[in-house]
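Trainee: Could we go through this structure together, one question at a time?
Mentor: Yes, please have the sequence and the model open in front of you.

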Amino acid sequence: MKRFEGKTCIVTGGAKGIGAAIAWRLGIEGCNVAVFDIDEEAGAYRVGELAKAGVRARFYRVDVSNEEQVFKGVGNVYADFGGVNVLVNNAGIGFTGRSIEEQSIEEWRRIIDVNLTGPWLCSKHVVKYMKKTGGVIVNIASTRALQSEPNTEPYSASKGGLLALTHSLAISLAKYRIRVLAVSPGWIDTSEWQFPPRKPSLTRLDHEWHPAGRVGRPEDVASLVAFLASDEAGWMTGVNVVVDGGVTSRMVYLDEEMIKQALSTILGDPGLGEAVMKLVSKAKEDKMVLEKIRTMLKEL
């Protein structure tokens, strides 16, 4: 028997990317799938693909930051499928990369509204139905809740808040036998799960930066979510699970060895990486060598 036979899930942001892969995985394991998204064309495509695989699926146009739309959407799912057993709060928007001085209050509010208020609203409105049978809520956070690049303040704050929301909900909803968990993906290439699908454009360096040897795929997140939402993870609640190929566990120092490894990967030849570093070392000692390198580069 499939793990989710006879159950119904809502996947927000389920038309594309990680959400689409989650919807697919839960669907092929027996779940009825309700896709919440604002992209109607992508949503129609996604439920069409699910239907071809024999999955009972429906698309609902829902902006998760709008309480009225969430309320109606969840109610419609219950009316259509007779229950809500799993909620995956995946819908989210990224950051512009503007500096803190250039970030607008509108950007801050929109990111917080979708990435943090949205999961709160969806959780609030599924509880009415989920508490009758118990269930699982999985929040898709990010390793940006734990570490940051420059100029990601709204996004990082939204994902950090989502981790706090996760353990808070887990305690509040335990009396209803509702488990609440978070998943924090690292670098996930979603190209093949976009609409229309695209081919990935990744380098060897992108892959080899990860201790696991490759950039993540949406399927990596989807398989973890399927486990956490299943009875096999019945003793797990209130926790965050990182799935990032080992990157957050890695100590990073910008030293000559790291530069040599990166050059070897980019050039596709360990010997060339070694040779370049020797040339750099020689240039530091001999200014004439440095001048020759500068002249050569100008001629390229």
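**Reading a predicted chain**

Mentor: Before we begin, keep in mind that this is a predicted model.

Trainee: How many helices and strands are there in the chain?
Mentor: The C-alpha trace, taken along its principal axes, spans about 80 × 45 × 40 Å. Of the 300 residues in the chain, buried residues make up 44%. The count of elements within this chain is ten helices and seven strands.

Trainee: What share of the contacts with a separation of 6 or more comes from residues 24 or more positions apart?
Mentor: One pair of residues shows what a separation along the chain looks like: histidine 167 and leucine 181 are 14 residues apart, and their C-alpha atoms are separated by 7.5 Å. That pair falls short of the 24 positions you ask about. For residues 24 or more positions apart, the share of such contacts is 70%.

Trainee: Is histidine 167 buried, partly exposed or exposed?
Mentor: Histidine 167 is found in helix 5, which covers residues 153-172. Buried would need a relative accessible area under 20% and exposed one over 50%. Because histidine 167 has 43% relative accessibility, it counts as partly exposed.

Trainee: Which element supplies the largest share of the largest nonpolar core?
Mentor: This core has 36 residues, and Ile22, Leu26, Val183 and Val221 touch the most other members. Several elements supply at least two residues each, including strand 1 (8-12), helix 1 (17-28), strand 6 (178-185) and helix 7 (218-229). The largest share, seven residues, comes from helix 7.

Trainee: Which residues does valine 221 touch, not counting those up to four places away in sequence?
Mentor: Valine 221 is among the four residues that touch the most other members of the largest core. With residues up to four places away in sequence set aside, valine 221 touches Ile18, Ile22, Ile140, Val183, Pro185, Ile188 and Val243.

Trainee: How many disulfides does a search of the whole structure find?
Mentor: A disulfide needs two cysteine sulfur atoms within 2.5 Å. The sulfur of cysteine 9 is 3.8 Å from its closest cysteine sulfur, in cysteine 31, so this pair is too far apart for a bond. The sulfur of cysteine 122 is 13 Å from its closest cysteine sulfur, in cysteine 9, which is also too far for a bond. The search of the whole structure therefore ends with a count of zero.

Trainee: With which side chain does the side chain of glutamate 29 make a polar contact?
Mentor: Glutamate 29 lies in the loop between helix 1 and strand 2, and with a relative accessible area of 12% it is buried. Leaving aside neighbours within four places in sequence, glutamate 29 is in contact with Lys2, Arg3, Phe4, Glu5 and Ala226. The polar contact, at 2.7 Å, joins its side chain to that of arginine 3.

Trainee: About how much area do domain 1 and domain 2 bury between them?
Mentor: The domain assignment gives domain 1 as 8-249 and domain 2 as 256-299, and 44 Å separate their centres, taken over C-alpha atoms. The contact takes four residues from domain 1 and five residues from domain 2. Carbon and sulfur atoms carry 72% of the area buried between the two domains, which is about 350 Å².

Conventions
Residues numbered from 1 in each chain as written. Heavy atoms only, no water. Core = buried A, V, L, I, M, F, W, Y, C linked by side-chain atoms within 4.5 Å. Buried < 20%, exposed > 50% of the residue type's maximum accessible area, 1.4 Å probe, protein only. Helix = DSSP H or I, 4+ residues; strand = E, 2+ residues; numbered from the N terminus. Contact = heavy atoms within 4.5 Å. Polar contact = N/O pair within 3.5 Å; in protein donor to acceptor, adjacent residues only side chain to side chain. Domains from an automatic or database assignment. Buried area = accessible area lost by both parts, 1.4 Å probe.
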